[in-house]
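Colleague: Hey, I'm new to this one. Can you walk me through it?

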Amino acid sequence: MTDTTLTTTGSGRPLSLDAHTRELRNRAQVRAWLYVMLLMLVALVIVGGATRLTDSGLSITEWKPIHGVIPPIGEAQWQEELAKYRQIPEYEQVNKGMSLDEFKFIFWWEWGHRLLARGVGLVFALPLAFFWATGRLDGRIKLPLLGILGLGGFQGFIGWWMVSSGLVERVDVSHYRLAVHLTVASIIIASIVWVARLIAPHASDLKPTDRSDRMAAILALMVLFQIYLGALVAGLDAGLVFNSWPTMDGGFFPASQWDAALGWRNVFDTPAIIQFTHRTFAYVVWLTAGMHMIASLRHAPGSTHARRAVLLFALVTLQAVFGIVTLLTYVPLGWALLHQGTALVVLGFAVAHWRGLKGPLPLSDGTPHRLDMVGVRD
């Protein structure tokens, strides 16, 4: 073997040291970019949550993907924006008589959310084009990344579809559309975590059981569904009814709030019932995470996967505590945003744990991408 050869692959082909080093470097660069994207996306979702909690989401009544980057300049343009806002039901029924300064407060929240969304799109699309053009992307992740880009563009349309639901007959946006908007954002975040972990080095530990990866997948999907339920709660202001724990309406189930005429639609349209569903499913997620942790510790004590299972359970527990505090304190902005942001952290870690149990994407020549190849901890 010469100095330019690192090892031999299973197929007998020599692996060039330069090619090997270049591929590891390219993967590290792509991961760094994806991690930056994750930070920006979490910030975007938190700003979106603040926009919802401050009732700012309907302050901009038009969708201008390009021209909308420039905010109003001068008194005349501000008065023009306020005049447009005065034409929608929210102004007439909720904010009638709002001053220009009060309007500016809600306008800047929505404008900041939209501007950050545009920035996220650019920071994803431009580096993607650069990495692609310079051959730094593994061919096996090109289609997933294109899919994420496409989903991000579609998310912009979903955002306007959500806003438009509150411009004609309602004084707020449809809670169904709000839930779709947040869920798609969460799917984008989960997808980026998946790809980033796909090209990351992994520990060589075996998974605790043959079913550990399936259980981790179920947990990740459960966390995503819980985020969807949380969006329904936010859209209906359901966190402001029955601000007690662990009881509701003097018992476990808020029976007095059940509307017989709605039937099964109570689960989605009655604030107290959707709050009950959200908090009850949280118990299910917590118990599932706990059982997964116990099984991992029992079958693979001291392994990387067991440590991650413990951390995942700790994050789910912390998120539950944040949710309880948010409820008991009548949903103050700070606690509500902390609760929302931590939900994304839990989702991201659950997906990373799932991907870790499945193992990394081998290098282009079939060599396993292990931690001991790069001399760092996972």
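Modeller: Sure, let's start with a single residue. Phe 242 counts as partly exposed, because its relative accessibility is 24%, and buried would mean under 20%. Keep in mind that this is a predicted model.

Colleague: Where does Phe 242 lie?

Modeller: Phe 242 is in the loop between helix 7 and helix 8. Its backbone is worth a look too: phi of Phe 242 is near 55°, a positive value in a residue other than glycine.

Colleague: And why bring that up?

Modeller: Because most residues other than glycine have a negative phi, and most peptide bonds are trans.

Colleague: OK, peptide bonds then. Which residues does a cis peptide bond join?

Modeller: Trp 245 and Pro 246, with omega at about 10°. Pro 246 also has its place in the loop between helix 7 (212-235) and helix 8 (266-269).

Colleague: Which residue has a positive phi of about 55° although it is not a glycine?

Modeller: Val 331 does. You'll find Val 331 in the loop between helix 10 (304-328) and helix 11. With a relative accessible area of 23%, Val 331 is partly exposed.

Colleague: What about helix 11 itself, how many residues has it?

Modeller: Helix 11 has 26 residues, running from 333 to 358. From first C-alpha to last it reaches 38 Å, close to the 38 Å expected at 1.5 Å a residue. Just after helix 11 comes Gly 359, which takes a positive phi of about 95°.

Colleague: Let's zoom out. How many helices and strands has the chain?

Modeller: Eleven helices and two strands. Reading from the N terminus, the order is β-β-α-α-α-α-α-α-α-α-α-α-α. The C-alpha atoms fill a box of roughly 80 × 55 × 30 Å along the principal axes.

Colleague: What share of the residues count as buried?

Modeller: Of the 378 residues in the chain, 47% count as buried. The accessible surface comes to about 18,500 Å², and 67% of that belongs to carbon and sulfur atoms. As for contacts between residues at least 6 apart in sequence, 76% of them join residues at least 24 apart.

Colleague: Back to the surface. Which residues make the nonpolar patch?

Modeller: Trp 63, Phe 154, Phe 157, Trp 161 and Val 180 make a nonpolar surface patch of about 470 Å². The largest share, three residues, comes from helix 5 (residues 142-164). Phe 154 is found in helix 5, and with a relative accessible area of 46% it is partly exposed.

Colleague: Now charges. How many salt bridges does a search of the whole structure find?

Modeller: 13 salt bridges. Such pairs turn up because side chains of opposite charge can pair when their charged atoms come close. One of them is between Glu 80 and Lys 84, at 3.8 Å from N to O.

Colleague: Where do Glu 80 and Lys 84 lie?

Modeller: Both are in helix 2 (residues 74-85), four residues apart, which is about one turn of the helix.

Colleague: Is Lys 84 buried or exposed?

Modeller: Lys 84 is buried, because its relative accessible area is 16%. Its partner Glu 80 counts as partly exposed at 46%. The two also belong to a network of salt bridges that links Glu 62, Lys 64, Glu 80, Glu 81 and Lys 84.

Colleague: Got another pair for me?

Modeller: Asp 138 and Arg 140 meet in a salt bridge at 2.7 Å, N to O. Asp 138 counts as buried at 13% relative accessibility, whereas Arg 140 is partly exposed at 38%. There is also Glu 92 with Lys 96, at 3.2 Å. In that pair Glu 92 is partly exposed, at 42%, and Lys 96 counts as exposed, at 56%.

Colleague: Last topic: where is confidence lowest, and where highest?

Modeller: Confidence is lowest in strand 1 (residues 5-8), with a mean pLDDT of 45, and highest in helix 6 (residues 175-198), at 98. Over residues 1-12 the pLDDT is below 50, and beyond near neighbours in sequence that stretch has 20 contacts in the model. Residues 374-378 are also below 50, with eleven such contacts.

Colleague: So what should I do with those stretches?

Modeller: Where pLDDT is low, the predicted coordinates should not be read in detail. For the chain, the mean pLDDT is 92, and 93% of its residues reach 70 or more.

Methods:
Residues are numbered from 1 along each chain as its sequence is written. Side-chain values use heavy atoms; hydrogens and water are left out. Patches are made of residues with over 30% relative accessible area and no salt bridge: like charges are joined within 9 Å, nonpolar side chains (Val, Leu, Ile, Met, Phe, Trp, Tyr) within 5 Å. Accessible areas come from the Shrake-Rupley method with a 1.4 Å probe; for residues, only the protein chains shown count as cover. A salt bridge is a side-chain nitrogen of Lys or Arg within 4 Å of a carboxyl oxygen of Asp or Glu. Buried means under 20% relative accessible area, exposed over 50%, partly exposed in between (1.4 Å probe, protein chains only). The expected span of a helix is 1.5 Å times one less than its number of residues. Contact means heavy atoms within 4.5 Å. pLDDT is the predictor's confidence in each residue, from 0 to 100.
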